[in-house]
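Good morning, everyone. Please pull up the structure on your own screens while I talk.

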Amino acid sequence: MENKKGLHENNKHKNGYDFNFLKEKYPEITAFVIKKFEKETIDFSDPIAVKQFNKALLAAYYNIKDWNFPDENLCPPIPGRVDYIHHLADLISGQDEVTVLDIGTGASCVYPLLGAAAYNWNFIAADIDLDSLDYAQDIIDDNNLDSKIKLRQQFNELNILKGITEEGDAFSATMCNPPFYKSAEEARGANRRKSRNLGNNTIRNFAGNSNELWYLGGEKAFLHTYLYESSLQPKVSKWFTSLVSRKENVKSLQNSAKKLGATTFKVIPMSQGNKVTRIVCWQF
């Protein structure tokens, strides 16, 4: 049984949401606020409301005023995403000048935005999808973060670190939220199941382009490729980290890490409500 301890102690959203504050800082959210059991909330099955809610959190708490990307791209939940940032801060504490590599940053560029806002970190953010990188660059420009966040394109969909890292790179950590599914067909099937479970036909709430949702062989294949490529350039980063959705993938990754010469392998539990996940971290 994994530890369900809730959000990180430094997470500004660990005690719920102040909708009066959100409405003050981001008035557009007002139209989406509803009353449920005498408390203000939003309809979390409505993708438009969810996107506006996350925009409100970014504007109110992280000074990210412009966060625009297509509805077909994943809309990351800010409380859970910033939790990864806080746990990463614990892992690399004591380092003065921090530069993080974000693998698969997506159109939302969410981890670099949060890391720059919460800890003033620098980021190299990489993605294979040129359209996503274009939207990410617009967000960076609109929020005057060009000095903090630089983008790179991955040109080979099977590679993770290879083709992204450059000579002279020295990252404090790498981070990643890997694709979950093995194929586009598997992703579409899961999308339909989630929609049925919510009792509606909403698809965009579970949006995401192919590069965000699936990788040949799924999460396990992605993680093992990432681990192997990290062993080929062990000094490029002090820590290599990734979210892992499937608990059963942790053990095989740990065994492979040991065989490849990793000196440290850690698992950091994360949870929000009923959702339990974990960050795996290794170094050489």
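A quick definition first: helices and strands here are DSSP runs, at least four residues for a helix and at least two for a strand, numbered from the N terminus. With that numbering, N144 sits in the loop between helix 5, residues 130–142, and strand 5, residues 149–153. I will come back to N144. One caution before going on: this is a predicted model.

Now the overview. The protein has nine helices and nine strands. There are 284 residues, and 51% of them count as buried. The accessible surface comes to about 14,100 Å². Carbon and sulfur atoms hold 48% of that surface. What about contacts along the chain? Take the contacts between residues at least 6 apart in sequence: 69% of these join residues at least 24 apart.

Next, the sheet. What is the strand order? Seven strands form an open sheet, and the order reads 5-4-3-6-7-9-8. The pairing is mixed. Strand 5 and strand 8, the latter spanning 264–272, stand at the edges. Each has a single partner strand, so one side of each is left without a neighbour in the sheet. On average, neighbouring strands are turned by 20° against each other, direction ignored.

Look at the strand 8 edge. Strand 8 runs antiparallel to strand 9, residues 275–283. Nine bridges join the two. For a landmark, find K266: it stands opposite C281 in strand 9.

Now the helices on the sheet. Which strands does helix 4 touch? Helix 4 packs on the sheet and touches strand 3 (99–103), strand 4, strand 5, strand 6 (171–176) and strand 7 (237–244). Its direction makes about 175° with that of strand 4. Then there is helix 9, residues 248–259. Helix 9 lies across strand 7, strand 8 and strand 9. It runs at about 160° to strand 8.

On to salt bridges. The structure holds five. I will show three of them.

Start with D146 and K150. Their closest N and O atoms are 3.5 Å apart. Is this pair buried or exposed? Neither extreme: D146 is partly exposed, because its relative accessible area is 36%. K150 is partly exposed as well, at 39%.

Move to R152. This residue bridges to E166, with the closest N and O atoms 3.5 Å apart. E166 lies in the loop between strand 5 and strand 6, while R152 is in strand 5. They are 14 residues apart, and the pair links distant parts of the chain. How exposed are the partners? E166 has 47% relative accessibility, so it counts as partly exposed. R152 has 14%, so it counts as buried.

R152 also meets D169 in a salt bridge, at 2.8 Å from N to O. D169 is in that loop between strand 5 and strand 6 too, 17 residues from R152. Both D169 and R152 are buried. Put the two bridges together: R152, E166 and D169 are linked in a network.

Now, as promised, back to N144, along with N120. What is unusual about their backbone? Phi of N144 is near 55°, a positive value in a residue other than glycine. Phi of N120 is near 60°, again positive and again not glycine. N120 is found in the loop between helix 4 (110–119) and strand 4 (122–127). Are these asparagines buried or exposed? The cut-off for exposed is over 50% relative accessible area. N144 is at 69%, so it counts as exposed. N120 is at 53%, so it counts as exposed too.

Last stop, the surface. Which residues make the nonpolar patch? Find Y228, L232 and L260. Together they have about 300 Å² of accessible area. L232 belongs to helix 8, residues 218–232. At 58% relative accessibility, L232 counts as exposed.

To recap, keep three places in view. One is the seven-stranded open sheet, with strand 5 and strand 8 at its edges. Another is the salt-bridge network of R152, E166 and D169. The third is the nonpolar patch of Y228, L232 and L260. I am happy to take questions.

Conventions:
Residues are numbered from 1 along each chain as its sequence is written. This is a predicted model: local features need pLDDT of at least 70, side-chain atom pairs count only at pLDDT 80 or more; totals for chains, interfaces and linings use all residues. Side-chain values use heavy atoms; hydrogens and water are left out. Patches are made of residues with over 30% relative accessible area and no salt bridge: like charges are joined within 9 Å, nonpolar side chains (Val, Leu, Ile, Met, Phe, Trp, Tyr) within 5 Å. Accessible areas come from the Shrake-Rupley method with a 1.4 Å probe; for residues, only the protein chains shown count as cover. A salt bridge is a side-chain nitrogen of Lys or Arg within 4 Å of a carboxyl oxygen of Asp or Glu. Buried means under 20% relative accessible area, exposed over 50%, partly exposed in between (1.4 Å probe, protein chains only). Contact means heavy atoms within 4.5 Å. Two strands pair if DSSP finds at least two bridges between them. Axes are lines fitted to C-alpha atoms, for helices over the stretch in contact, and angles run from 0 to 180 degrees between N-to-C directions.
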